[in-house]
Amino acid sequence: MTEPTRTPSSDLAAAGGAATPAAASPPVVPAPETVAHRSQWSDVWRQFRRHRGAMVALSLFVGIILFVSIGPLLWRIDPTFVDIRARNQGFSLAHPLGTDQLGRDLLARLMAGGQVSIAVGLTAMTIAIFLGSLIGILSGFFRRLDAPLMRMTELFLALPLLPLLLLMVTLFREPLSQTFGPALGIFFLIVTAIGATSWMQAARIVRGEVLGLKEREFILAARSIGTPSHRMVTRHILPNVMSPIMVAATLGIATAIITESALSFLGLGFPPDFPTWGRLLFDAVDQMVLYPWRVIFPGLLISLTVLCVNYIGDGLRDAMDPRIRGR
Amino acid sequence: MLTFTIRRLFLAIPTLLFISLVIFLLLEASPGDPLGDVPLTVPPEVRERMRAALGLGEPWPVRYVLWLKQFFWVEPLYWTDQWFGTNFSQGAQRIVSFQSRSPVFDVIAQRLPQTLTVVGMSYVIGIMIAVPIGILSAYRQYSLFDQIGTFVSMIGFSMPTFFTGVVLIIVFGVNLQWFPSVYDTTLVVRDWDSFLAQARQMAMPVTVLALYNAAQISRFMRSSMLDNLSQDYIRTARAKGLSERKVVLKHALRNSLIPVVTVIALGLPAVFGGAIITEQVFRVNGLGQLLISSIYANDIPMVMTLTFIFAILIVTFTLIADILYGVLDPRIRYD
C-alpha cells in the first residue's frame, strides 16, 4: 500500500503525462487510505497473528472442522453401516483406522462423531453466551435489576453442576426423545442442559465490563442527547463488551465439548447407534485391552480440539487486551 | 470480619434451601418410576401400598418438608445418639434408600473413605506439584522451562480425565502391568504388603486427578507470582541487599499465595465433582460411583441427599475462600 509514495516521480512521468499532477504531491494521497482500512478487528487480527501458539491452534482447529464437515463427502462409508464379517479389523486400505466390534468403519464414525461433538459445543456455547451476556448487560446497565440478577447468578454458581447435569439428562431423555426423535431430542436436551448451567462466568465478566463502561464520558454524551435505553445497549454498550464476550465464548466451546464427552462417557449422552467422540470412547473402553487404538483416536481428537480452542482463546485474550496490543 | 462471616452464614441458609428445592423439584418432575422394576403381575392395590410404603403417597410439599426435617433434624439427632449414647432419635424415620433399604447416610459413610483418600491425595499432590512449577515459571518468564510448563499445563486441562485415565490404564495397567487397573475396595491396610498394594492401586487415579489439578493451579500460581514480582516492594527488597532466595521465597511467594489459596479452596468441590468421572474409569467404589448407580436405579432419596451434599460442599468452600481472602490479605475489607 505504501508503494506509490516510494515511486520516483520520474517513473510516473514516464508512464504518461496524465500522472504528472498526482506526482506533485505523492505522500499525501495514500496516507488516509491506510488509516481508513484500520479497524478494531483488523488490529486484533494483526495482534492475534503474532501469537504463534494461537495461529497453530487456529489452523489445526480449521483442519479438524474440515475433517468432520468435508471428510464425510470424500469418505463415503456410512458410519452406522454394520458389516459383521469385517468386524475388529486393523488398519487397512478399505478401513484406514480399522473397524469396531460390529464392523463399522472407524474413520467414518470419527467424522460423524466429530460433527455432533462440535455442533453440541458450538450450540451450547451460543446458548450460554447469549444468556450470560443478556443477564450481564441487564444487571450491569439497569441498577434495579442488579441485585436480584446477581443473587440468581450466585445461586446458579452454588449448584452442583455435574450431578445436576447427569440428573437432567437421565430424567428427561425418554419424554424428549419421544417428542423429537431419539437423536434430536437428546441433542436439544444436552445442549440446553449445558447452556443453562454454564452462563454464569460470562454474566459476571460482562456485568463488570458494563459497570466500568457506564461511567465513561461517551455514555454520558449519548444519554444527554436522549438516546433510549435499548439503543444505548445495542449501539454503545454491546460493541464495547464484545471482546470479553468473544474470549468467554471461545473458552465456552472447550468446556461444552468436554462436558458432552463426559456425559457420553458415563453412558448418559447420545444413544448408542449415534456416534459422538465421547460415545466412541465409551464404547471402546470395554475392549481397550485388545484394541487400544479405538480409545486413543476419539480421545486424541477431543483433547486436540479442546487444546486448540483453549489456545485460540488465549491468543484472543492477548489480542483484545489493549494494554498488550499497543506494543 | 466477624459480622461479614455471620451475614454470609445467614445468606447461605436460603441459598441451600433454594438449591434443595431445585433438586427436589427436578426429581419430582422426572417421569422415572421407582417401582419400574416391580413385576407387572403385582396387582395394582399392592403396588399402591408399596408406593405408600416408600412415602410416595403424599403430595410433594409434604414430602419436601419431611425430607428437610429428616436431613436437618433427624440425622443430626441420630449421630448425637451414636456418639453420646443418648436416644433422642427414638422412633424417628431416617432417610432410607429405595435401592438398598438401608439409611442413606450409612451407605454414604461406607463410600466416603474411598473418595476422600483418592480425591484428597490427588489434590494435595497436585498442589505440591503446581506451586513450585508456578514459582519457577514466573521467575524465569518466557524461558524454556516456562514455555514447556505452559504447554504441558495447557494440555493438562485440555485432556479430559476420562481419556488420561484410560490411556494410563492401557499403558501402565495392561501393557506394563505395573498397577492394577481396577480399584479393590475390600483391601484393608494391615501391614507393609497391604500398604504397598493400596499405594499401587491408588497410583493411577491419584495421578490422573493430580495432573488435572496441578495444571490449573500452576497457571494461577504463575500469574499471581508474576503480578507480585513486578511490584515496587520486590525492587526495594532487592535494593536493600536481600538474597534472591529470600526475595522470591519469602516476600514474593507469601503475597502470591493469597489468591492461590482461595482458588484452591474454591476448586475443592469441583474436584469432588470431577472425581465422579475418575471413579467411574477406575471403578473406585466411592461417592461418585454411588451417585451414578443411584441415578440409574431411580433411587430418589439417595440422589437427592448426595446432590445436596455436593451443594453444601460448594457453598461451604465458597464461604471459606471468601473468609480466607479477608483474613490473609489485610487490604481486603468486607465491612
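What pattern does chain B follow, read along the sequence? The answer is helix after helix: α-α-α-α-α-α-α-α-α-α-α. In this predicted model, chain B has 11 helices and zero strands. Chain A is built along similar lines, with 18 helices and zero strands.

**Two helical chains**

Here is how the two chains look side by side.

| Chain | Residues | Helices and strands | Buried residues | Contacts joining residues at least 24 apart, among those at least 6 apart in sequence |
|---|---|---|---|---|
| Chain A | 327 residues | 18 helices, zero strands | 40% | 68% |
| Chain B | 335 residues | 11 helices, zero strands | 33% | 70% |

**Chain B, part by part**

Let's stay with chain B for a bit. Its C-alpha trace spans about 85 × 60 × 40 Å along the principal axes. The chain is divided into domain 1, residues 30-94, and domain 2, residues 110-332. Measure from one C-alpha centre to the other and you get 37 Å between domain 1 of chain B and domain 2 of chain B.

UniProt, in an unreviewed entry, puts the feature "domain: ABC transmembrane type-1" at residues 112-321 of chain B. In the model, residues 112-321 of chain B come out as 83% helix and 0% strand. The end C-alpha atoms of that span are 23 Å apart.

The unreviewed UniProt entry also carries the annotation "transmembrane region", covering residues 120-139, 151-175, 195-215, 257-282 and 302-328 of chain B. How does the model treat these spans? Take two of them. Residues 195-215 of chain B are 100% helix and 0% strand, with end C-alpha atoms 29 Å apart. Residues 257-282 of chain B are likewise 100% helix and 0% strand, and here the end C-alpha atoms lie 33 Å apart.

**Where the chains touch**

How many residues does each chain bring to the contact? Chain B gives 32 residues and chain A gives 33 residues. On the chain B side, the elements giving two or more residues are α1 (2-28), α5 (144-158), α6 (161-175), α9 (244-282), α10 (287-296) and α11 (300-328). The largest share of that side comes from α11(B), with seven residues. As for chemistry, the side of chain B that touches chain A divides into 24 nonpolar, eight polar and no charged residues.

**Two details in chain A**

Now over to chain A, starting with helix α14, residues 229-240. Its 12 residues, at 1.5 Å a residue, should span 16 Å, and the end C-alpha atoms are indeed 16 Å apart, so the two values agree. Is α14(A) tucked away or in the open? Just one of its 12 residues is buried, so the helix lies largely in the open.

The other detail is A:L66, which lies in helix α6 (residues 52-69) of chain A. Is A:L66 buried or exposed? A:L66 counts as exposed, because it has 10 C-beta neighbours inside 10 Å, and the cut-off for exposed is 12 or fewer. There is also a link to another part of the chain to look at: A:M111 sits 45 residues from A:L66 along the chain, and the C-alpha atoms of the two are separated by 9.7 Å.

Note on methods. Residues are numbered from 1 along each chain as its sequence is written. Chains are lettered from A and ligands numbered from 1 in the order in which they are written. This is a predicted model: local features need pLDDT of at least 70, side-chain atom pairs count only at pLDDT 80 or more; totals for chains, interfaces and linings use all residues. Helices (H or I, at least four residues) and strands (E, at least two) are DSSP runs, numbered from the N terminus. The expected span of a helix is 1.5 Å times one less than its number of residues. A residue is buried if 20 or more other C-beta atoms lie within 10 Å of its own, exposed if 12 or fewer, and partly exposed in between; C-beta atoms are placed from the backbone. Two residues are in contact if their C-beta atoms, placed from the backbone, lie within 7 Å. Ala, Val, Leu, Ile, Met, Phe, Trp, Tyr, Cys and Pro count as nonpolar, Asp, Glu, Lys and Arg as charged, and the others, Gly among them, as polar. UniProt positions are given in the numbering used here, feature names are shortened, and annotations may be inferred rather than shown by experiment. Domain bounds come from an automatic or database domain assignment.
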